[in-house]
Amino acid sequence: MKMKIQKRKKFKGRKSKLIMVNVLSKEIETYEKNKQRLLKESFGKFVLIKGEEIINVFDTSSDAIKVGIDKFGNTPFLVKQILEIEPTQNFTSNLIRISTCLQ
Amino acid sequence: MPSVTIPSEDLEKEGPIIEVHFLISLELEKKYLEEKKPLPEPVIIKALIDTGASACVLKKEIPEKLGLTPIGTTKICTPSTKDHECYQYFMRMVIPVQQLVYEGIFISAPLDGQEINCLIGRDVLKNGILIYIGYTNQFTFSLL
């Protein structure tokens with residue numbers, strides 16, 4: 001899906017600045033606000049968040065996603081594993097060309 | 001456990017490439033049918049089975065074609081970059097030859113290969129078997 005891109009125009013001859021807007025920014029903000037409590041109560045589980053609301057916590061990601069689809073259909077929602085440090089995915093291939101992924 | 005054996009003209013050069021179909025998840029398909037919405041056509045692409053990928057990654061155009069919205073974000077590390085945030089999508093991947101099906105999370109990222117639109121990573125391989133037979137230029141792939 002297309003990310004919303006706000007283009008901030010500058011004066012002649014100057015470079016324009018692109019600001020990426022994450023469609024899940026509200027959900028991520030909600031997660032960050034509640035992270036410490038979630039870590040204490042549900043470490044390692046998967047939280048389902050829509051907007052500013054924490055819907056529930058689940059044992060598996062697929063359970064959380066299926067409830068998310070059932071409740072919200074094909075609209076953005078966040079499923080996140082509750083961990084202190086977020087794991088990264090690693091790729092040895094140089095086929096992935098990064099400028100920015102969130103677009 | 002169904003499996004597919006794919007011959008290659010030059011397995012060393014091309015790597016284990018397989019044709020896959022991407023569809024919306026079964027859960028979303030059920031929802032669409034209830035709401036009498038039309039189902040999107042499957043997106044047919046070529047994928048590389050990549051044991052160097054910890055998870056599956058695909059071109060961002062694929063979830064766009066299926067009209068999907070993201071269900072999360074994750075950070076990725078590549079040989080040239082570190083901790084880049086990308087969207088995650090919940091999708092169904094079908095290998096049509098034997099109807100091998102995997103439903104799970106796919107990371108959307110820009111892929112440079114002209115022909116390869118998806119890397120099948122170890123999150124899929126943990127549910128299957130990959131046999132790479134270099135001297136006969138073929139590989140066998142199987143999923144639970």
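I will talk about a three-stranded sheet in chain B and then about the contact between chains A and B. This is a predicted model, in which local features need pLDDT of at least 70 and side-chain atom pairs count only at pLDDT 80 or more, while totals for chains, interfaces and linings use all residues. Residues are numbered from 1 along each chain as its sequence is written, and chains are lettered from A and ligands numbered from 1 in the order in which they are written.

Let me start with the sheet. In chain B, three strands (DSSP runs of E, at least two residues, numbered from the N terminus) form an open sheet in the order β1-β10-β9, with antiparallel pairing, where two strands pair if DSSP finds at least two bridges between them. Its edge strands, each pairing on one side only, are β1 (3-7) and β9 (128-133) of chain B. Between β1(B) and the antiparallel strand β10 (residues 138-143) of chain B there are five bridges, and B:Val4 has B:Phe141 in β10(B) as its bridge partner.

Now to the contact between the chains, which takes 32 residues from chain A and 43 residues from chain B, two residues being in contact if their C-beta atoms, placed from the backbone, lie within 7 Å. On the side of chain A that touches chain B, the elements giving two or more residues are α2 (61-72), β5 (78-81) and β6 (88-90) of chain A, and α2(A), a helix (a DSSP run of H or I, at least four residues), gives the most, with six residues.

Finally, strand pairing also crosses between the chains, since three bridges join β6(A) to β5 (residues 72-77) of chain B, running parallel, and A:Asn90 has B:Cys77 in β5(B) as its bridge partner.
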